[in-house]
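Got the structure open in your viewer? Take a short tour with me, one selection at a time.

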Amino acid sequence: GGVRDFTLEAAGVSVTVGLAWRDKGTGSDLWDSSIVLAHYFARRGAEEWKGKRVVELGSGVGALGLFVAKLGSEKCYLTDMPSCCDLLRENSVRNGLGDGA
């Protein structure tokens with residue numbers, strides 16, 4: 001148990017999230033697919049995200065959605081089960097993106 005940190009970095013963009021190692025179900029961990037998609041999205045370039053509105057369903061700790069927000073999306077909406085939202089908000093604030101999760 002306990003919260004541990006993970007930093008996701010690609011193309012000069014960095015997001016650090018706390019992970020609760022499934023203390024609150026699968027939404028409190030980071031899935032490998034988030035890392036793979038973040039690198040894919042970074043390769044597409046920041047211009048791909050300018051002016052876009054993004055919705056991430058089942059955001060968990062928020063790593064991917066927060067990463068896309070830092071790439072420059074106009075708005076990024078992150079969703080998950082209520083039990084995951086406190087950690088999701090903390091991770092958003094931690095990365096300078098507010099607490100509107």
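Start by selecting Gly72, the residue that follows α2. Gly72 has a positive phi, near 120°. Keep in mind as you click around that this model is predicted.

Now step back into α2 itself, residues 63–71. Is this helix mostly covered or mostly open? Colour it and look around: α2 is mostly covered, with 7 of its 9 residues buried. To highlight those, pick Ala63, Leu64, Gly65, Leu66, Phe67, Val68 and Leu71. What lies over them? The cover includes the strands β1, β2, β3 (53–56) and β4 (75–78), along with the helices α1 and α3.

Next, bring up the largest nonpolar core, which has 23 residues. Try selecting the ones with the most contacts inside this core: Val17, Phe41, Trp49, Val61, Ala63, Phe67 and Leu71. Several elements give two or more residues to the core, and they are β1 (4–10), β2 (13–19), α1, α2 and α3 (82–94). Which one gives the most? That's α2, with 6 residues.

Stay with Trp49 for a moment and show what surrounds its atoms. Leaving out residues up to four places away in sequence, Trp49 touches Phe41, Val54, Val68, Leu71, Gly72, Ser73 and Glu74. You'll spot Gly72 from our first stop in that list.

Time for the cysteines. Select Cys76, which sits in strand β4. Its C-alpha atom is 5.8 Å from that of Arg53, although the two residues are 23 apart along the chain. Beyond its neighbours within four places in sequence, Cys76 is in contact with Val54, Gly65 and Ala69. Cys76 is partly exposed, at 23% relative accessible area.

How many disulfides does a search of the whole structure find? The count is 0. Why doesn't Cys76 have a bond to Cys85? The sulfur of Cys85 is the closest cysteine sulfur to that of Cys76, but it is 14 Å away, so it is too far for a bond. A disulfide here needs the two sulfur atoms within 2.5 Å. Now select Cys85 and Cys84 together: the sulfur of Cys84 is the closest one to that of Cys85, and at 6.9 Å this pair is also too far for a bond. Cys85 counts as buried, at 15% relative accessibility.

Swing over to the loop between β1 and β2, where you'll find Ala11. This residue is not a glycine, yet it has a positive phi of about 50°. Is Ala11 buried or exposed? It counts as exposed, at 61% relative accessibility.

For the last stop, show the second largest pocket, with a volume of about 150 Å³. Its lining has 16 residues, and the closest to the pocket's centre are Trp31, Ser34, Gly58, Ser59 and Gly60. Two elements you can colour here are α1 (32–44) and α2, since each gives two or more residues to the lining. Try colouring the lining by residue type: you should get 5 nonpolar, 8 polar and 3 charged residues.

Note on methods:
Residues numbered from 1 in each chain as written. Predicted model: local features only at pLDDT ≥ 70, side-chain atom pairs only at ≥ 80, totals over all residues. Heavy atoms only, no water. 1 Å grid on protein atoms, 1.4 Å probe; cavity = no way out; pocket = protein on both sides within 12 Å on 5 of 7 lines; lining within 4 Å. Points joined across faces, edges and corners; volume = space filled by probe spheres on them. Helix = DSSP H or I, 4+ residues; strand = E, 2+ residues; numbered from the N terminus. Nonpolar A, V, L, I, M, F, W, Y, C, P; charged D, E, K, R; others polar. Buried < 20%, exposed > 50% of the residue type's maximum accessible area, 1.4 Å probe, protein only. Core = buried A, V, L, I, M, F, W, Y, C linked by side-chain atoms within 4.5 Å. Contact = heavy atoms within 4.5 Å.
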